[in-house]
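Subject: Structure for you to look over

Hello,

Here is the structure I promised to pass on. Please open it alongside this email, and then read on for what was found.

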Amino acid sequence: MTRVLAVSTAFPPHRYMQHEITEDLVAGLPPGSDRELVRRLHAAAGVESRHLALPLDRYRDLGAFGETNRLFVELATVLGAEAVTRALHEAGVRPEDVDLVVSTTVTGIATPSLEARLAARIGLRPDVRRTPLFGLGCSAGAAGLARVHDFLDGRPGGTALLLSTELCSLTLQRADMSTANLVAGGLFGDGAAALVAVGGDRSSASSRTTSRSAGSSVPSVVAARSRLYPGTEHLLGWAVGDWGFRMVLGPELPGLVRLHVTEEVESFLAAHDLKPADVGAWICHPGGPKILDALAEGLGLPAPALAASRRSLAAHGNLSSASVLQILKDTQADRPPPGTIGLMLAFGPGFSSELVLLAW
C-alpha cells in the first residue's frame with residue numbers, strides 16, 4: 001500500500017493582503033471599467049492574503065506570453081526545487097532513491113519539463129522515470145497522487161516524488177474585463193508543493209524521517225477514481241492566444257459540483273463500505289466559496305468538515321493543483337489519529353473530478 005511520508009510547500013517571498021492586490025488591479029484597469037465590480041468580486045473570494053511570483057508593481061510592465069512564460073520557467077524551477085528538497089529531507093529519503101517523479105502544472109509551458117530542469121540540481125538519478133502532467137488544471141494534485149499510487153502499487157519496493165508548481169499570477173490578463181478573468185484575479189495565488197511516497201515494501205523508510213513526523217502515523221492511499229462529465233468541456237479551462245492563457249470559467253460549475261460530484265463522492269465511498277460521515281479528514285480543493293458551499297450542501301457536511309480548505313483559501317488563495325497537497329500537509333500537521341479516513345478531491349477541466357481515498 002502506498003504510504004505518504006512527507007508533504008512540503010514552498011511559496012514566493014512576495015506576500016500581499018487581498019485588498020492590496022485588489023487596489024493595484026483597480027488602479028491599472030482600462031478607462032470605463034467597473035472598479036466596484038472588481039472590488040466586490042475580490043471581497044467575495046474568501047481570500048485574505050496571497051503569495052505572488054513577482055513584486056506587485058512588476059505585473060504592470062509584463063509583456064506578451066513569451067516574457068511571462070520565460071519568467072514562469074525560471075521562477076517555477078527554483079520554487080519547485082525548494083519544495084522537493086524540503087520534502088525529501090522531511091521524508092528521510094535521498095534524491096538518488098527516487099524511482100519516479102510526477103510533475104504537474106497548468107500555468108506555464110516548459111520543454112524540457114520542470115522535473116527535468118531540476119533533476120540534476122536536486123540530485124535525482126539520470127535514469128529516474130518522469131511523468132510530466134499538463135492540462136489537468138486544479139485536479140492535477142489529486143491525479144498526480146493517484147498516478148504515484150498506480151506506480152507504487154505495481155512496484156511496492158519503489159519510491160516516488162510528486163511535484164506541483166503553479167504560478168497563477170503570471171496568467172492574469174489585466175485588460176480583460178470578463179467575469180471569469182475578474183474572478184480569477186481575486187482568487188488564485190502562487191506556490192509549489194512536493195510529496196514523497198513509498199510502496200508497501202519500502203514503508204520502513206519512514207523510520208528515517210525527521211523528528212517532525214516522528215511519533216505520528218502517515219496516510220496511506222487506499223484507492224483512487226477519475227471521472228469525466230461529458231458535455232461540460234466548455235465550462236473550465238484556458239483559451240490560449242497571443243496574449244497567453246485566458247481563463248474559461250462557467251457559472252454553472254457550483255451546480256455541477258452539487259449535482260454530479262457529490263453523487264460521485266457517495267458512489268466512490270460506498271464502493272469501500274463508507275459514507276461521507278465516516279470521513280474524518282476532507283482534503284478538498286478550495287475552488288472558491290461557492291464550490292465549497294455546493295459540496296458541503298450536496299454531501300450534508302457539517303461546517304468544520306471543510307474548514308481546512310477554507311483556511312487554505314484564506315491564507316494562500318487557490319493554488320490550482322498545489323492546493324490539495326498544501327491542505328494534506330496541514331492535515332498531517334494536526335496528527336490525525338490512526339484509523340482516520342481521509343478523502344482528497346479536486347476538480348479540473350473536462351469538467352472532471354479526481355478522488356483519492358486515504359487512511360491513517
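Two strands pair if DSSP finds at least two bridges between them. Keep that in mind for the first stop. One caution before it: this is a predicted model.

**A strand pair and its hairpin**

Start at strands β9 and β10. Strand β9 covers residues 236-241 and strand β10 covers residues 244-249. The two run antiparallel, joined by six bridges. Gly 241 stands opposite Gly 244 in β10. The connection from β9 to β10 is a hairpin through two residues.

This stretch falls within an annotated region. UniProt, in an unreviewed entry, lists residues 222-358 as "domain: Chalcone/stilbene synthase C-terminal". Over those residues the chain is 36% helix and 28% strand. The end C-alpha atoms of the region are 6 Å apart.

**Aromatic rings**

The structure holds five aromatic pairs. One of them joins Trp 238 and Phe 245. How are these two rings arranged? Their centres are 5.0 Å apart and their planes meet at 20°, so the pair is stacked. The cut-off for stacking is planes under 30 degrees apart.

The two partners differ in exposure. Trp 238 is partly exposed, at 25% relative accessible area. Phe 245 is buried, at 4%.

Ring pairs also build a cluster. Its members are Phe 65, Phe 134, Trp 238 and Phe 245.

Look at Trp 243 as well. The charged end of Arg 246 sits over the Trp 243 ring, 4.2 Å from the ring centre.

**Salt bridges**

Side chains of opposite charge can pair when their charged atoms come close. This structure holds 17 salt bridges. Three of the pairs and one network are worth a visit.

First, Glu 115 and Arg 130. Their side chains meet in a salt bridge of 2.6 Å, N to O. The pair links distant parts of the chain, 15 residues apart. Glu 115 is in helix α4 (residues 114-122), and Arg 130 is in strand β5 (residues 129-134). Is Glu 115 buried or exposed? Glu 115 counts as buried, because its relative accessibility is 0%. Arg 130 is partly exposed, at 43%.

Next, Arg 147 and Asp 150. This salt bridge is 2.9 Å, N to O. Both residues lie in helix α5 (residues 140-154). They are three residues apart, so about one helical turn separates them. Arg 147 is partly exposed, with a relative accessible area of 32%. Asp 150 is also partly exposed, at 44%.

Then Asp 293 and Arg 310. Their closest N and O atoms are 2.9 Å apart. Asp 293 lies in helix α8 (residues 289-299) and Arg 310 in helix α9 (residues 307-316), so the salt bridge ties together parts 17 residues apart in sequence. Asp 293 is partly exposed, at 40% relative accessibility. Arg 310 is partly exposed, at 32%.

Last, the network. Salt bridges link Glu 23, Glu 36 and Arg 39.

**Backbone points to check**

Most residues other than glycine have a negative phi, and most peptide bonds are trans. Three places here depart from that pattern.

- The peptide bond from Thr 111 to Pro 112 is cis, with omega near 5°. Pro 112 lies in the loop between β4 (100-105) and α4.
- Asp 273 is not a glycine, yet has a positive phi of about 60°. Asp 273 lies in the loop between α7 (253-270) and β11 (281-284). This residue is exposed, with a relative accessible area of 74%.
- Ser 320 is not a glycine either, and has a positive phi of about 55°. Ser 320 is found in the loop between α9 and α10 (323-333). This residue is buried, at 2% relative accessible area.

**One more loop residue**

Where is Ser 169? Ser 169 is in the loop between β6 (159-167) and α6 (179-187). Ser 169 counts as buried, at 12% relative accessibility. Which residues does Ser 169 contact, leaving aside its neighbours within four places in sequence? The contacts are Leu 52, Ala 53, Tyr 59 and Asp 190.

That is the tour. The structure is yours now.

Best wishes

Definitions and conventions: Residues numbered from 1 in each chain as written. Predicted model: local features only at pLDDT ≥ 70, side-chain atom pairs only at ≥ 80, totals over all residues. Heavy atoms only, no water. Phe/Tyr/Trp six-rings, centres within 6.5 Å; stacked < 30°, edge-to-face > 60°. Buried < 20%, exposed > 50% of the residue type's maximum accessible area, 1.4 Å probe, protein only. Lys NZ or Arg CZ within 6 Å of the ring centre and 35° of its normal. UniProt positions renumbered as here; feature names shortened; annotations may be inferred. Helix = DSSP H or I, 4+ residues; strand = E, 2+ residues; numbered from the N terminus. Contact = heavy atoms within 4.5 Å. Salt bridge = Lys/Arg side-chain N within 4 Å of Asp/Glu carboxyl O.
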